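Trainee: I'm new to this one. Could you show it to me and explain some of the labels?

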Amino acid sequence: MKIIILGAGQVGGTLAEHLASEANDITVVDTDGERLRDLGDRLDIRTVQGRGSLPTVLRQAGADDADMLVAVTNSDETNMVACQVAYSLFHTPTKIARVRESAYLTREELFDNDHIPVDVLISPEQVVTNYIKRLIEHPGSLQVIDFAEGKAQLVAVKAYYGGPLVGQQLRQIRAHMPNVDTRVAAIFRRDRPITPRGDTVIEADDEVFFIAAKKDIRAVMGELRRIDETNKRIVIAGGGQIGERLAEAIESRYQVKIIEMSAARCRHLSDTLESTVVLQGSASDKDLMLEENIADADIFLALTNDDEANIMSSLLAKRLGAGKVMTIINNPAYVDLVQGGDIDIAISPQLATIGTLLAHVRRGDIVSVHSLRRGAAEAIEAVAHGDSKSSKVVGKAVENIALPPGTTIGAIIRDEEVLIAHDDTVIESGDHVILFVVDKKHIRDVEKLFHVGLSFF
């Protein structure tokens with residue numbers, strides 16, 4: 001696939017890295033020559049220096065025969081104009097734009113071929129807000145992913161000493177919970193993936209990914225770890241777009257406080273939010289944190305744009321007694337360094353956003369793609385089409401499907417029903433199939449499974 005990426009920042013660079021490793025023809029456009037040289041040295045891609053919204057620059061980047069334009073510069077307006085130019089002059093089939101400003105996003109009638117021709121809108125702030133909201137709703141989880149509009153969920157938890165299943169084989173799950181159907185999709189032990197089988201023994205500190213119907217998630221979590229008490233008190237450091245959106249989404253269910261440095265921003269938050277308490281100050285101010293009883297907070301969230309400020313305020317909050325600490329980290333190099341110590345969960349906005357973008361780049365009918373364990377693995381939701389003659393999966397039992405190494409089928413969503421995949425489960429046309437891919441070099445093989453042969457047409 002021939003793809004032009006506008007913007008060599010964190011999102012554009014991470015996306016180029018993912019796609020270049022999968023045999024796509026990638027061209028990255030940016031005004032910053034140094035960023036482009038850095039990317040070009042590391043990846044097998046073309047680079048073009050210039051403003052991505054200009055017709056001459058797009059033509060130089062190969063827009064005449066490009067399959068897709070992904071506009072992820074820091075400017076909403078540049079991204080939207082680039083999509084317009086690609087549509088009007090080059091008839092680019094698929095145009096994806098990152099748009100951050102909520103004033104644009106709330107006007108859906110803006111984005112169609114008669115106005116601003118954007119096929120897919122990506123709002124990183126909204127993606128990250130939803131991601132954090134799911135973590136808050138599932139105390140004890142490291143990652144929570146929705147499939148089929150929330151009918152099924154994939155949840156990562158760390159198995160703790162004393163959990164009912166620690167030291168026991170996976171096949172014991174059914175004996176412990178006869179009325180709940182679930183499947184362990186993968187286990188990471190000391191950062192190495194283990195393909196789960198019935199005789200696999202769960203050890204303390206294993207990172208366990210399991211999939212189940214949404215209504216059964218809490219019951220399964222209770223088998224793997226002690227259930228944390230429901231979150232009530234939440235402190236947010238940073239009243240920017242993500243902090244504001246998150247507070248707005250959760251303030252009706254939780255006691256929320258926002259700590260924000262800017263007086264003007266504090267006034268805006270006070271006027272906009274209903275029950276959230278807004279405090280002007282720094283989350284790195286020990287006296288302020290003590291005064292606001294940070295030790296009573298169930299969750300402390302550092303959501304500013306400054307990685308160092310987020311890390312320092314998170315370490316302070318943890319030291320002063322906050323229950324769980326989550327931190328946004330924009331620099332991917334920092335994520336693995338800080339997660340799992342005093343900082344419970346490091347959130348990478350780039351990786352959260354990349355999954356949304358990858359779903360539109362994958363071949364076959366791919367509904368969603370989610371990056372797991374900071375990009376080490378992927379969870380994919382694919383739709384099966386065709387019949388037993390034209391499809392490699394339709395009409396076959398799970399045990400008879402030639403899955404690539406390190407790939408497991410976790411669940412199947414059929415209409416409104418969530419079916420946990422067992423060896424004898426037969427896939428039907430129209431099923432949404434949830435796959436877990438530990439070795440990303442086999443992504444292309446997974447996509448090929450869901451291609452439909454010509455006999456279907």
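**Strands, burial and charge**

Mentor: Sure, starting with a pairing: strand 9 and strand 11 (residues 207-213) run antiparallel, joined by six bridges. Keep in mind that this is a predicted model, where local features need pLDDT of at least 70, side-chain atom pairs count only at pLDDT 80 or more, and totals for chains, interfaces and linings use all residues. Residues are numbered from 1 along each chain as its sequence is written, and side-chain values use heavy atoms, leaving out hydrogens and water.

Trainee: How do you know that strand 9 and strand 10 pair?

Mentor: Two strands pair if DSSP finds at least two bridges between them. Strand 9 and strand 10 (residues 192-194) have three, in the antiparallel sense, so they meet that definition. Phe188 stands opposite Pro193 in strand 10, and its bridge partner in strand 11 is Glu207.

Trainee: What lies between strand 9 and strand 10?

Mentor: Two residues, making a hairpin; Arg190 in the turn has a positive phi of about 50 degrees.

Trainee: Why is strand 9 called largely enclosed?

Mentor: Because seven of the eight residues in strand 9 (residues 182-189) are buried. Buried means under 20% relative accessible area, exposed over 50%, and partly exposed in between (1.4 Å probe, protein chains only).

Trainee: Is Gly50 buried or exposed, and why?

Mentor: Gly50 has 15% relative accessibility, so it counts as buried. Gly50 lies in the loop between strand 3 (46-49) and helix 3 (55-60).

Trainee: What makes Glu416 exposed?

Mentor: Its relative accessible area is 66%, so Glu416 passes the cut-off for exposed. Glu416 sits in the loop between strand 20 (407-414) and strand 21 (417-420).

Terms used
Helices (H or I, at least four residues) and strands (E, at least two) are DSSP runs, numbered from the N terminus.
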